[in-house]
Structure formats: structure tokens, C-alpha cells
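Please find below some notes on the model, set out as numbered points. They are meant to be read with the sequence and the coordinates open alongside.

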Amino acid sequence: MTAIEVQHLVKRFGGFTAVGDVSFAVPAGQVAAVLGPNGAGKTTTIEILEGFLAPSQGSVRVLGVDPRRRGAAGRAWRARIGLVLQSTSLDLQLTVAEAVSLYAGLFPRPMAPGEVIEMIGLGADTGTRIGALSGGQRRRVDLGLAVIGRPEVLFLDEPTTGLDPEARRALWGIIQSLVAGGTTVLLTTHYIEEAQRLADRVIVLADGRLIADASPDQLRAHGATPVIRYLLPASAPVADLPVALAGHVDPARHELLMKSADLTADLGTLVSWARHHHVDLTGLEIAPPSLEDAYLSLTAGPGDPDRARAEPEKVSYRG
Amino acid sequence: MADLHSPAPRAAGPAITGRLPGAARLLAAQVRYQLLLLARNPRAMILSLAFPLLILVLNSTARHDVGPQLETALVAGLATFGLIATAYVSHAIGLVTSRQDGVLRRWRATPLPAWCFFAGKITATALMALASVVIAVAGGITLFHAHVTAGTALSLLVTFTLGALAWAAIGTAVTALIPTAQSAGPVLMLTYIPVILFSGALGSQAGAPPWLSTVTSYLPARPIISGASQALRHSGGGIAFISGRDLAVLAAWAALGVVASFRFFRWDPARPQHPHTPAGAAV
């Protein structure tokens with residue numbers, strides 16, 4: 001079953017096209033991350049899916065319903081979705097318990113307020129006013145209010161932006177426990193690590209266009225290059241290294257570290273050299289390309305040398 | 001379409017089967033929520049509850065020329081001052097702040113019907129405004145020995161309730177003209193203070209030119225003050241006289257506020273202008 005469907009979505013603000021002909025679908029139960037630089041169209045897309053903005057062209061469906069729908073059908077639909085907005089959106093005068101109970105009362109079959117408060121780790125702060133909480137704690141309240149109605153689809157718009165690493169990890173843990181229950185999640189983020197940690201699938205937007213749609217592993221394998229790393233033994237005749245490799249040796253650390261565009265050729269060269277000079281290759285590492293490298297190569301701006309490699313094709317793994 | 005990138009199939013999210021909560025329960029929760037917000041706003045409490053009482057006390061101790069006629073006018077005027085401070089100023093500042101903080105946007109995305117949000121907010125505002133009236137009138141009874149019969153109380157209730165609803169409706173509509181919470185106070189004070197002063201909230205308008213009386217009789221403060229003054233002067237049995245014209249003016253302002261709110265109300269915060277987008281495009 002398709003939980004989220006976006007077809008030929010276009011959104012213009014005056015003469016500016018924020019989203020230009022984007023299509024994708026998210027099956028029920030999948031966690032999809034929308035990744036992209038500032039101004040890529042991530043938030044515009046998610047706000048259209050949340051029903052805050054109307055598309056200029058194209059159509060979107062969430063759980064089979066047009067998110068702009070109001071009235072009784074719209075109300076029933078909103079009981080099935082949850083959202084964390086890009087910035088914290090809370091009444092600072094309410095206590096944690098008051099806010100959670102208030103929102104629990106809106107849904108047909110809510111989670112118990114106490115259960116939600118425990119889940120977001122604020123059991124010691126039930127009576128604390130939200131205005132007195134830290135940024136990370138407020139974000140956890142945001143998340144608690146988003147999930148209290150047991151949503152089938154959860155939208156998270158940059159849920160950890162501005163948080164310190166510890167608070168970010170705490171929030172990731174909560175999101176991971178939630179999605180284990182089968183909730184469909186659409187997440188926008190700037191952080192590669194966040195996408196890698198949480199998502200089954202990465203949709204990369206740049207300049208309002210979809211430029212990649214793949215699993216984190218596929219994306220990593222495609223757009224970037226693996227890394228060869230080898231700590232050279234002290235006795236190794238470094239001066240005799242073939243030219244292709246010699247340029248990547250750090251003399252101070254006595255280490256070969258290179259991004260290999262042609263792994264077979266580079267490894268062949270290295271193995272030949274080692275065999276010829278009886279050098280032991282124990283400790284040779286070949287690391288897969290990082291998702292960050294793949295992402296940067298996809299979204300690199302014009303003039304960036306990496307751009308040439310990524311520009312000509314759109315990464316897609318649709319069968 | 002999703003083949004390779006499909007996840008290991010997980011159970012779909014649990015289907016929601018229960019019924020949505022009923023209107024009465026939702027409304028009761030909203031009224032309670034909005035009353036909490038008002039009660040925890042020190043500015044609102046001082047302006048609405050403490051300030052009118054302070055002026056009454058100062059008048060009762062510092063002025064010796066206050067006759068019975070002026071007393072009722074002063075009590076009615078200050079009660080109205082407190083009423084409008086809550087129903088217009090605190091109400092509108094609360095809405096603008098909630099809008100700026102993204103709280104309205106979040107409500108908009110919940111199953112709560114929009115009418116229920118407004119009904120809850122306006123009911124809470126009216127209740128708080130009437131509480132401020134009760135305090136001012138109680139102050140008048142204590143300090144000036146004002147006499148309040150059951151008939152007086154009923155007339156006061158009708159006048160002040162309609163007045164609170166009219167100002168809350170106008171306050172809701174006016175939020176469309178206020179971009180940020182920082183600018184809410186000045187805009188609201190600038191529209192409220194002149195109206196309330198020229199309508200005689202702080203004393204008699206006996207020396208005012210006739211044209212000013214005519215103008216203020218069509219604005220929504222004067223009808224409340226004059227209605228309340230008449231009610232407070234009422235003695236004897238039965239309900240105190242309520243001017244139909246005063247009620248009609250208040251009802252007209254309430255209707256205008258409701259229509260303008262439906263047309264112009266914004267749920268989304270104003271955003272800083274995007275470098276590539278025209279102003280207001282992204283809301």
C-alpha cells in the first residue's frame with residue numbers, strides 16, 4: 001500500500017519555482033528521508049504533504065486523501081497523521097503533562113499521556129512548564145504531541161536541527177522506537193548521519209528537482225568512490241611506489257590514503273608492487289564511500305569539480 | 001515503483017478505528033486550556049484585573065467631589081476598561097503570540113475543528129473578561145456603596161457579555177493586521193486607549209463636544225459604558241433598562257468582527273522574506 005504519493009508536483013511562489021516536477025511514492029511502513037541543501041524545496045514539499053500549502057501543479061495524496069481537504073473527511077484524515085514542524089510549536093505556559101493531556105483528548109485512540117511522557121524521557125518534568133525546558137527537551141515534547149494519536153504517517157521537518165549531538169541522539173532513539181511499530185515516516189534533514197541512521201530510503205532534492213532516490217547503501221555505492229587506506233610498513237620501499245599511488249602517500253604518517261575512482265586498477269597496481277617487493281599487505285583497508293561523499297557529489301554547486309561527475313545522470317534505482 | 005528501495009515489509013501502522021471525540025468534550029478542554037493560558041499571563045492579569053481596581057481605589061481616596069452620578073459612571077467605565085483589556089488586548093496578543101510560535105499552525109493540523117478552537121478561545125476570553133467586571137463592580141460596591149439588585153446584575157451580564165463578544169471578534173480580525181507579537185501591544189493599545197478614553201471610561205464626558213459623543217456612540221465602548229451606568233443607577237424591582245440601540249451597535253461590531261475574521265484570519269506565522277520569493281508568498 002502506498003502511504004504517500006507525489007505526482008509531478010510543482011510549487012511556484014510568484015516567479016520563483018520552489019519545487020519543479022517532483023514525483024515519488026512512499027510505501028506504508030517505510031522511513032524516507034528527504035535530503036538537500038537549503039532552498040532545495042524540502043520544506044515546501046513536506047508542507048504541501050501536510051496540507052499547509054496547495055500545489056501549483058501536480059497532485060499529492062497521503063493515505064489516499066488530498067491533504068488540503070477540510071470538513072469531516074479532513075478531520076478524520078488529520079487524526080491519522082502526526083507532524084513535527086520545522087520550528088518548535090508549543091505553548092510555553094503549559095506544563096508537559098497539561099500539553100500532552102490536551103493533545104491526547106483530540107484523538108480517537110490516543111496513547112496514554114504517561115506512556116508518551118516516559119517515551120520522550122520527561123518523566124521527571126511532567127509538572128515543568130514547557131518554557132522552562134531546554135531546546136532538546138522542547139523538541140521531544142513536539143515529538144510526543146506528534147505521536148500521541150498513534151499516527152499512521154509521521155512528518156518530521158528537520159526534527160533535530162539546532163540540537164547538540166547528545167540531544168540529537170536521544171531524539172533519534174525515540175524516533176527509532178516509534179518506527180519499529182510500523183509508522184510511515186517522511187523526514188527532512190540536513191544531516192547525512194540522520195538519514196543514514198533512520199531512513200530506509202533517501203530522496204535527494206536540489207534546486208526543486210529530485211536528483212536521487214535510493215536506499216542509503218545504493219546512494220553511497222553510486223555517487224562516490226571507495227577509499228583505499230594502507231599503513232605502510234617501515235621497511236616498504238615507498239620510493240618505488242607506482243606514480244598512480246605515490247601521490248596519495250602521507251610521508252609524515254607513512255600512510256597511503258586515496259579515493260579510488262577505479263578500484264580494480266588501483267588495487268592491482270598496489271598488489272603488483274607489494275608482490276614485487278615482498279611487502280606484507282596486512283592492514284590494508286578498503287572502505288565503502290561515505291553517504292556524505294555521495295550526497296556532496298550529487299548536490300555540489302556549479303564550478304565544483306565534483307559536479308561534473310554527478311550532473312549528467314539522475315540516480316534512480318526504480319526497477 | 002519502489003522495488004529495490006522498499007524496506008523489509010513491516011506491519012502497516014495500526015488503523016484508527018475509534019470515533020473522534022465529541023464537540024462538547026473538545027470545547028470543554030479548549031476553554032480550560034485557554035483559561036490556563038490567560039491566567040498564566042501576568043500582563044493580562046494586571047491590565048484586566050488589577051488596574052481598574054487600582055484606579056477605583058485611587059478615586060475613592062483622593063477625590064472628594066465624586067457624586068453618586070459620577071460614581072456609577074466611574075465604576076461602569078473602569079469595569080468596561082478591564083473588560084476590553086481582556087476581550088480585545090489580551091485576546092489578540094494571545095492569538096498573535098500563538099500564531100508566531102507556530103501553535104496555531106499545529107492546531108490547524110490536528111483533528112480539532114477550527115470553529116472549536118475559536119469557540120474555546122472566545123468563551124475563555126469572555127469568562128475572564130466577566131471576571132474582571134465582577135472585580136471592578138465588587139470594588140465599586142465596597143468603595144462607593146454602589147447598590148446592585150438582581151435586575152441590575154442581569155442587565156450588566158447581558159451588556160458586558162455582548163460587549164466582550166464584540167471586542168473578542170474585533171480582536172480576532174485585527175490579528176490579520178499585526179505581523180509579530182512584538183508589534184501587537186502597540187497596535188492594540190493605539191486602537192483601544194483612544195476609543196476607551198473618549199468614550200468616558202475614566203470619568204464623565206459632560207464637557208465633550210456633541211460630535212465626539214455622536215462618534216463614540218457608534219464605537220463599541222460607549223454603548224457598554226452607558227448600558228452599565230444605566231444598569232447601576234437602576235433601583236427597585238425588575239430588570240434594569242437596556243437600550244436597544246446600544247445592543248444593536250455592539251451586535252453590529254460583533255458581526256463585523258466575525259465576518260472580517262472569516263475573511264482575513266491567518267493561521268501561519270509571517271516569515272522573513274525569502275530572497276527569491278515575493279513577500280507573503282510562502283505563507
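**Notes on the predicted complex**

1. A contact of interest first: leaving aside neighbours within four places in sequence, B:Thr172 is in contact with B:Leu95, B:Gly257, B:Ser261 and B:Phe265, where two residues are in contact if their C-beta atoms, placed from the backbone, lie within 7 Å. B:Thr172 is found in helix H6 (residues 150–174) of chain B; helices (H or I, at least four residues) and strands (E, at least two) are DSSP runs, numbered from the N terminus. B:Thr172 counts as buried because 24 other C-beta atoms lie within 10 Å, the rule being that a residue is buried with 20 or more other C-beta atoms within 10 Å of its own, exposed with 12 or fewer, and partly exposed in between, the C-beta atoms being placed from the backbone. B:Ile122 is 50 residues away from B:Thr172 in sequence, and the C-alpha to C-alpha distance between the two is 9.1 Å.

2. On provenance, this is a predicted model, in which local features need pLDDT of at least 70 and side-chain atom pairs count only at pLDDT 80 or more, while totals for chains, interfaces and linings use all residues. Residues are numbered from 1 along each chain as its sequence is written, and chains are lettered from A and ligands numbered from 1 in the order in which they are written.

3. On confidence, the predictor gives the complex an ipTM of 0.83 and a pTM of 0.80. Chain B has a mean pLDDT of 84, with 86% of its residues at 70 or more, pLDDT being the predictor's confidence in each residue, from 0 to 100. Among the elements of chain B, the highest mean pLDDT (95) belongs to helix H1 (residues 23–39) and the lowest (80) to helix H2 (residues 42–62). Two stretches should be read with this in mind: over residues 1–16 of chain B the pLDDT is below 50, and the stretch has 41 contacts in the model beyond near neighbours in sequence; over residues 273–283 of chain B the pLDDT stays under 50, and the model has 17 contacts for them beyond four places in sequence.

4. As to the overall make-up of chain B, there are 10 helices and zero strands. Of the 283 residues of chain B, 43% count as buried, and residues 24 or more positions apart account for 86% of the contacts in the chain with a separation of 6 or more.

5. Which residue is at the centre of the kink in H7(B)? The kink, of about 25°, is centred on B:Met189, the bend at a residue being the angle between axes fitted to the seven residues ending there and the seven starting there. Helix H7 (residues 181–198) of chain B has 18 residues and reaches 27 Å from its first C-alpha to its last, close to the 26 Å expected at 1.5 Å a residue; the expected span is 1.5 Å times one less than the number of residues. The buried residues of H7(B) include B:Ala184, B:Leu188, B:Tyr192 and B:Ile196. An α-helix has 3.6 residues a turn, so residues three or four places apart point the same way. Just after H7(B), B:Gly200 takes a positive phi of about 90°.

6. In chain A, strand S7 (residues 184–189) is mostly covered, with six of its six residues buried. The covering applies to both faces of S7(A), with A:Thr184, A:Leu186 and A:Thr188 on one side and A:Val185, A:Leu187 and A:Thr189 on the other. Strand S3 (residues 31–35) of chain A pairs with S7(A) in the parallel sense over five bridges, and strand S6 (residues 153–157) of chain A also runs parallel to S7(A), joined by five bridges; two strands pair if DSSP finds at least two bridges between them. A:Thr188 in S7(A) stands opposite A:Val34 and is the bridge partner of A:Asp157.

7. Two residues other than glycine deserve a check of their backbone angles. Phi of A:Arg150 is near 50°, and A:Arg150 is buried because it has 20 C-beta neighbours inside 10 Å. Phi of A:His254 is near 55°; A:His254 lies in the loop between strand S11 (249–250) and strand S12 (255–259) of chain A.
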